[in-house]
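Please open the model in your viewer, show it as a cartoon with side chains available on demand, and keep the sequence panel beside it. The stops below are meant to be taken in order.

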Amino acid sequence: MKHYLALTVIANDRPGIVERIADVVTRADGNWLESSMSRLAGKFAGILLVDIAEDRQAALLTALEQLQHQGIRVTGEACSSLHPADGERVTLTVVGNDRPGIVGEISGILAKLQVNVEELNTHCEDAPMSSEILFRAIATLQLPQDLDRGRLQQILESVSDDLMVELEQT
């Protein structure tokens, strides 16, 4: 059976953070499987999944803790399986005039419908030909088996007249 560690990383952004973490993972005989990392307001933040033997996990976590002396905070959680969820997988795109509460409204609806948010990316940008700020979100969702894409789109479009909602099969 494979054993995995899900790791989270936060540090002040600077060159070499990924290299330091990768070096520690490699020295512990871990295999870096997948990750999502980015710079946000001067911070470097990320999550990653490492495949590592169960008897090596504690040593890896201890070694990663030592990176705190370099200003890199890494925490980890053990997980033992990577089972894909049942139900349709879709990509959600939402665009609209920025205002407080958009993420809360949409995520509240998704939670009530038992939709799993697998990935979420949001940002604000200048609207073309106006001084308005546009909010844009792109999410990967896993729908429960009893919810179809059309019904979800209809429910999300009812949030606000100024939000454009698009759902596509992934």
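What follows is a short tour of selected strands, a helix and a few individual residues in a predicted model.

**The strand β7 and its partners**

Begin by selecting residues 133-142, which make up strand β7, a mostly covered element in which 7 of the 10 residues are buried. Add residues 89-97 to the selection, and you have strand β5, which runs antiparallel to β7 and is joined to it by 9 bridges. To find one place where this pairing can be inspected, pick Thr91, whose bridge partner in β7 is Thr140.

Next select residues 116-126, strand β6, which is also antiparallel to β7 and is connected to it through 10 bridges. Here the residue to pick is Cys124, which stands opposite Phe135 of β7. If you then follow the chain from β6 into β7, you trace a hairpin with 6 residues between the two strands, and in its turn Met129 has a positive phi of about 65 degrees.

**Helix α3, from its covered side to its surface**

Move on to residues 102-112, helix α3, where Val103 is found, but leave that residue aside for a moment and display Ile102, Ile106, Ile109 and Leu110, the buried residues of the helix. These residues lie on the same side of α3, because the arc they cover around the axis is only 100 degrees. What lies over them? The cover includes strands β5, β6 and β7, to which you should add α4 (149-157) and β8 (163-169).

Now return to Val103, which counts as partly exposed because its relative accessibility is 41%. Select Val117 and Leu120 together with Val103, and the three residues make a nonpolar surface patch of about 220 Å². Before leaving this region, step just past the end of α3 to Gln114, which takes a positive phi of about 65 degrees.

**His3, ahead of β1**

For the last stop, go back towards the beginning of the chain and select His3, which lies in the segment before β1 (4-12). Is His3 buried or exposed? With a relative accessible area of 17%, His3 is buried, since the cut-off for that class is under 20%. To see what His3 touches, leaving out residues up to four places away in sequence, display Val50, Asp51, Ile52, Glu54 and Gln57, and then add Cys79 and Ser80 to complete the set.

Methods:
Residues are numbered from 1 along each chain as its sequence is written. This is a predicted model: local features need pLDDT of at least 70, side-chain atom pairs count only at pLDDT 80 or more; totals for chains, interfaces and linings use all residues. Side-chain values use heavy atoms; hydrogens and water are left out. Patches are made of residues with over 30% relative accessible area and no salt bridge: like charges are joined within 9 Å, nonpolar side chains (Val, Leu, Ile, Met, Phe, Trp, Tyr) within 5 Å. Accessible areas come from the Shrake-Rupley method with a 1.4 Å probe; for residues, only the protein chains shown count as cover. A salt bridge is a side-chain nitrogen of Lys or Arg within 4 Å of a carboxyl oxygen of Asp or Glu. Helices (H or I, at least four residues) and strands (E, at least two) are DSSP runs, numbered from the N terminus. Buried means under 20% relative accessible area, exposed over 50%, partly exposed in between (1.4 Å probe, protein chains only). Two strands pair if DSSP finds at least two bridges between them. Contact means heavy atoms within 4.5 Å. The arc is that of the directions from the helix axis to the C-beta atoms.
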